[in-house]
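Thanks for sending this one over. Here are a few friendly notes to read alongside the structure.

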Amino acid sequence: MTKFSDLNLDAKVLKAIEEAGYETPTPIQAGAIPAALDGRDVLGIAQTGTGKTASFTLPMINMLGRGRARARMPRSLVLAPTRELAAQVAENFDTYAKYTKLTKALLIGGVSFKEQDALIDKGVDVLIATPGRLLDHFERGKLLLTGVQVMVVDEADRMLDMGFIPDIERIFSLTPFTRQTLFFSATMAPEIERITNTFLSNPEKIEVARQATASETITQGVVMFRASRKDRSASEKRKVLRALIDAEGDACSNAIIFCNRKVDVDVVAKSLTKNGYDAAPIHGDLEQSQRTRTLEGFREGKLRFLVASDVAARGLDVPAVSHVFNFDVPGHAEDYVHRIGRTGRAGRDGKAIMICSTSDEKNLEDVERLIEKEIPRIDNPLGQSAAADPEAPARPAEESPESGEQPKRTRSRRKPKDSASSARSGEAPSETAPVDAPGAPAETPPATETAQGVQDDAAPKAPARETAEAAPEPAPAAQADEAPEQKRPARGKGSRSDRGRDKSQGQQSGNEQPRQGRNDRQRGGEVVVGMGDHLPSFIAKSFEERQAS
DNA sequence: AAAAAAC
């Protein structure tokens with residue numbers, strides 16, 4: 001079997017690899033590294049979690065080992081779609097370049113130009129960037145890309161989704177055509193294909209199966225949620241979330257909670273905090289410094305709940321996330337796979353629980369069609385099952401204990417159209433802010449667009465878990481995207497159009513060790529198996545409550 | 001429909 005030591009890597013690089021705890025390259029690494037070292041272009045079709053990052057950082061470090069950077073002329077360039085991903089690449093680079101003298105600069109938005117400029121001026125070997133900030137530097141005349149010998153495009157399909165392709169093409173055109181190109185994408189959409197045909201030259205193509213498919217190491221479930229009253233929908237949904245979290249108990253050491261909208265990310269994070277849960281938000285409207293801090297805290301186990309937009313859905317490498325909660329059904333079915341892929345990583349068990357509002361049902365169908373599997377239904381832990389009565393006209397007296405204090409009126413007061421941002425919140429525009437102010441008269445000043453008014457949701461009851469307990473074991477394996485040891489046979493590509501077929505191969509047992517122990521539970525995935533150990537009590541309860549009402 | 005990314 002191939003070892004890193006068989007790959008012709010420099011001794012300094014090998015030493016760093018060894019210290020990071022790795023011995024055997026993943027398939028993408030074993031395929032890409034030799035080709036890259038040979039000077040070939042590489043087209044890697046792989047997702048995060050396959051060791052992709054190291055598959056380009058390692059050969060880059062090796063190749064750049066000789067020579068020195070000149071001012072304003074970086075010798076290599078890595079492009080990533082989000083700031084966090086770029087930062088992740090930078091860390092990876094630090095890990096493996098520690099015994100070299102190579103220099104790098106991280107060019108991302110949201111932080112000052114100054115330091116970035118200073119580094120560029122001195123000359124860097126590696127530039128790691130998001131496209132916008134890179135072009136900004138370029139347009140200011142601070143940067144020359146004519147010295148780029150190696151260019152990497154990471155997560156190209158996501159770049160496509162985010163509309164970065166024109167930028168990418170432009171950046172390509174600023175680099176010498178003699179450059180070597182390493183190009184990575186999880187899928188080969190037609191547009192991606194076109195780019196690779198244009199900018200890659202006779203690439204070595206390496207395809208790697210996505211890591212364990214959704215059904216394998218991740219236990220999934222969905223709660224069909226219907227509000228008792230429309231105007232309470234938002235706060236009840238948050239309450240369902242808390243109940244779901246509580247039901248998981250200590251098994252939920254940490255979790256990412258995904259919302260579709262940034263506003264809701266803020267609201268949910270505030271609400272959880274208010275109720276004694278250790279939670280913080282992350283999305284693209286927050287200060288970069290806060291994004292960084294929050295993510296770091298979460299990685300280190302100091303923060304238990306990360307409430308996130310899809311900025312965190314893909315690529316982020318956080319080892320040991322025990323749970324993913326989808327507060328909303330993602331509007332893009334494929335995002336579901338990315339989101340829940342944040343858990344069940346590196347061979348651990350993971351649990352993914354989603355809340356599906358009536359308005360999300362169509363999206364749920366799309367998700368289930370995509371994953372070719374029905375997601376097991378979980379009863380609403382609050383007992384108001386959707387099936388109970390579809391029409392449910394406002395029924396004042398029935399809501400659960402705590403929400404009782406809410407003044408019924410809070411809703412009608414729309415906030416003035418100050419913030420365009422919340423104006424489009426679709427089905428229930430009135431609820432983002434007002435609903436949440438329990439004691440407050442209807443006059444709650446219009447919460448600014450990021451809903452600071454989350455006072456809903458009763459009093460703290462869940463014991464705020466000390467973050468200490470959540471601390472994951474130190475995971476030396478984090479760097480290389482993870483689990484380098486795992487390997488699995490390459491298989492068919494997964495372009496958008498054939499994702500479905502992709503799934504059919506999901507059973508391949510090539511993914512050895514990932515799951516031990518509790519996988520019996522997951523085995524039966526397609527049947528409605530329970531969500532674990534706590535279910536029975538609230539099933540019973542929900543029936544009673546249905547009878548009662 | 002929303003998110004992300006440049007100031």
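1. Let's begin with the surroundings of DNA strand B, bearing in mind that this is a predicted model. There are 24 residues around the strand, and those that come nearest are Arg133, Lys262, Gly284, Arg291 and Ser309. By type, the residues of this surface comprise nine charged, 10 polar and five nonpolar. Helix α6, residues 131-139, supplies the largest share of that surface, with four residues.

2. Which parts of DNA strand B lie within 4 Å of the protein? Sugar or phosphate accounts for 76% of the strand's atoms within that distance, and bases account for the rest.

3. Some individual contacts are worth a look on your screen. Thr130 places a polar side-chain atom 2.7 Å from a phosphate oxygen of DNA strand B. With Lys262, a backbone N or O atom lies 2.5 Å from a phosphate oxygen of the strand. His332 offers a contact to a base: one of its polar side-chain atoms is 3.2 Å from a base nitrogen of DNA strand B.

4. Next, a helix pair. Helix α11 (residues 233-248) and helix α12 (residues 262-274) have axes that come within 11 Å and cross at roughly 55°. The two helices, α11 and α12, are therefore oblique to each other. The crossing of α11 past α12 is right-handed.

5. Finally, a point on annotation. An unreviewed UniProt entry lists residues 2-30 as "domain: DEAD-box RNA helicase Q". Over residues 2-30 of the model, the chain is 45% helix and 0% strand, and the C-alpha atoms at the two ends are 7 Å apart.

Terms used:
Residues are numbered from 1 along each chain as its sequence is written. Chains are lettered from A and ligands numbered from 1 in the order in which they are written. This is a predicted model: local features need pLDDT of at least 70, side-chain atom pairs count only at pLDDT 80 or more; totals for chains, interfaces and linings use all residues. Side-chain values use heavy atoms; hydrogens and water are left out. UniProt positions are given in the numbering used here, feature names are shortened, and annotations may be inferred rather than shown by experiment. A residue is near a molecule or strand if one of its heavy atoms lies within 4 Å of it. A polar contact is a pair of N or O atoms within 3.5 Å; within protein, one must be able to donate a hydrogen and the other to accept it, and residues adjacent in sequence count only if both atoms are side-chain atoms. Ala, Val, Leu, Ile, Met, Phe, Trp, Tyr, Cys and Pro count as nonpolar, Asp, Glu, Lys and Arg as charged, and the others, Gly among them, as polar. Axes are lines fitted to C-alpha atoms, for helices over the stretch in contact, and angles run from 0 to 180 degrees between N-to-C directions. Angles under 35 degrees count as roughly parallel, over 145 as roughly antiparallel, 65 to 115 as roughly perpendicular and the rest as oblique. A crossing is left-handed if the near helix is turned anticlockwise from the far one by less than a right angle, and right-handed if clockwise.
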